[in-house]
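The following briefing is meant to be read alongside the sequence and the structure. It moves from individual charged pairs to the sheet, and then to one helix and two loops.

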Amino acid sequence: MEAIALRTAIRGSRNILFGSTKLSSTFVKRNFFASSTDHTNLLANAKTHRVGRDDERRTYMLVPEDLDLKLALKVDKLQLARLFAEGNHIYGAKVVQRSLGSYAQVCKPLLQMALKDAANGEPVVALASLDGLTKWVVGGIEGKHDIETLQRLEDDNKKIYEACVAIATGIPRPGHSVVGQGTYRDGEIGWTQLAAEYVNRKDDGESFVYEESGGKLIGIDHLADTSREGLMEAGGSMARYKFQS
C-alpha cells in the first residue's frame, strides 16, 4: 500500500493543473541566467519555501528572492528547484533551471529542510527517479559504451537479457507482440541490476543529491513509477535511500 500511495503521489506531482496567469511582457522577457555571475548570485540569494502541513504532502521550492510565492506556485517553470515529502518519505527532487548547477548544489537547501521536517525518530526514506536509465542501457546495447551487467546477462541468461533489451528499447521480444507485464517480470532481476550499476556511476541526478547528503542506497524498487514518463526514462525503476535520524 505504501508503494502504491507513493507512486500515486509522484504521478500527481508531475500532472499539476494551473489556472491561467497573465504575465506582463516585462516579466516574461526577464532573463535570470545571463552569466555565471548571475547564476552564483541567484543561488546565493534564493529563498526556500515549504507549502503544506506536517500531516500532508509538503512541497519544497527554491525560488528567486524577489519572486512572489503565489506566482511560483501557479507557474512552476519559474521555480529554481523543488522536491516533495510525505511523512518520512522524500521524493521528486528536481532542478527546474538546469543551467544553475548540479542537483547536489541546487537541491541541497531543500533537502536539508525536508530532512529536518521529516526527522521524527524514524529513518527518512527517499525515492529517486532514474531519468536516463533506458537511454544509457540502449547505448550499451548499441555498443556506444560498456555496461558490465548487460554483457554478463547476454552471456549467461538470454531470456533475461532479451527482456531487458525490450524494456530499454520498447521493442517487443522475439515471439511477443507487446512489451507487457511478462516482459517486466522476466526482466526484473536483470533490470534492477542494471539500475544499480547506473546509480553507482554517481552521475548528477536525483539519486546523487540524496547520496551526497548522507543517504544510503538500500535497493532498487522495480516498477515503482509506472507513469508513462517513468517507464520511458527508467523502465519504472526508482532507487531507494535511507537517512538515519
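**Salt bridges, sheet and helix packing**

Lys158 and Glu162 lie 4 residues apart in helix α8, so about one helical turn separates them. This is a predicted model, in which the two side chains form a salt bridge whose closest N and O atoms are 3.9 Å apart. A search of the whole structure finds 12 salt bridges, and 7 strands form an open sheet with mixed pairing.

**Salt bridges**

- Side chains of opposite charge can pair when their charged atoms come close.
- In the pair within α8, Lys158 is exposed, with a relative accessible area of 60%, whereas Glu162 counts as partly exposed at 25% relative accessibility.
- Arg98 and Asp204 meet through their side chains in a salt bridge of 3.4 Å, N to O. This pair links distant parts of the chain, 106 residues apart, with Arg98 in the loop between β4 and α5 and Asp204 in the loop between α9 and α10 (206-212).
- Both ends of that link are partly exposed, Arg98 at 44% relative accessibility and Asp204 at 36%.
- Asp186 and Arg185 form a salt bridge as well, at 3.6 Å from N to O. Asp186 is buried, with a relative accessible area of 17%, while Arg185 counts as exposed at 56% relative accessibility.
- Arg50, Asp54 and Asp117 are linked in a network of salt bridges.

**The sheet as a whole**

- The strands of the open sheet follow the order β1-β2-β3-β4-β5-β7-β6, and their pairing is mixed. The edges are taken by β1 (47-51) and β6 (216-221), each of which has a single partner strand, so one side of each is left without a neighbour in the sheet.
- On average, neighbouring strands of this sheet are turned by 25 degrees against each other, when direction is ignored.
- Helix α9 packs on the sheet and touches β6 and β7 (238-243), and the direction of α9 makes about 145 degrees with that of β6.

**Strand pairs from β2 to β5**

- Strands β2 (residues 58-63) and β3 (residues 81-86) run antiparallel and are joined by 5 bridges; Tyr60 stands opposite Leu83 in β3.
- Strands β3 and β4 also pair in the antiparallel sense, over 5 bridges, with Ala85 standing opposite Ile90 in β4.
- The connection between β3 and β4 is a hairpin with 2 residues between the strands, and Gly87 in the turn has a positive phi of about 60 degrees.
- Strand β4 (residues 89-95) is mostly covered, given that 5 of its 7 residues are buried.
- The pairing of β4 with β5 (residues 124-129) is parallel and extends over 3 bridges. Ile90 has Ala126 as its bridge partner in β5, and Ile90 is also the residue that Ala85 stands opposite.
- Together, β4, helix α5 (residues 103-118) and β5 make a right-handed β-α-β unit.

**Helix α7 and its surroundings**

- Thr149, Leu150 and Leu153 are buried in helix α7 (residues 148-156). These residues cover an arc of only 100 degrees around the axis, which puts them on the same side of α7.
- The face of α7 turned away from its buried side carries the exposed residues Glu148, Asp155 and Asp156.
- The buried residues of α7 pack against α6 (133-141), α8 (158-169) and α9 (181-200). Two of these neighbours have roles noted above: α8 holds Lys158 and Glu162, and α9 packs on the sheet.

**Positive phi in residues other than glycine**

- Lys202 has a positive phi of about 60 degrees although it is not a glycine. Lys202 has its place in the loop between α9 and α10, the loop that also contains Asp204, and counts as partly exposed at 42% relative accessibility.
- Leu223, another residue other than glycine, has a positive phi near 55 degrees. Leu223 lies in the loop between β6 and α11 (228-234) and is partly exposed, with a relative accessible area of 26%.

Terms used:
Residues numbered from 1 in each chain as written. Predicted model: local features only at pLDDT ≥ 70, side-chain atom pairs only at ≥ 80, totals over all residues. Heavy atoms only, no water. Buried < 20%, exposed > 50% of the residue type's maximum accessible area, 1.4 Å probe, protein only. Arc of directions from axis to C-beta. Contact = heavy atoms within 4.5 Å. Pairing = 2+ DSSP bridges. Axes fitted to C-alpha atoms, helices over the stretch in contact; angles between N-to-C directions. Right-handed = clockwise from strand over helix to strand, strands pointing away. Salt bridge = Lys/Arg side-chain N within 4 Å of Asp/Glu carboxyl O.
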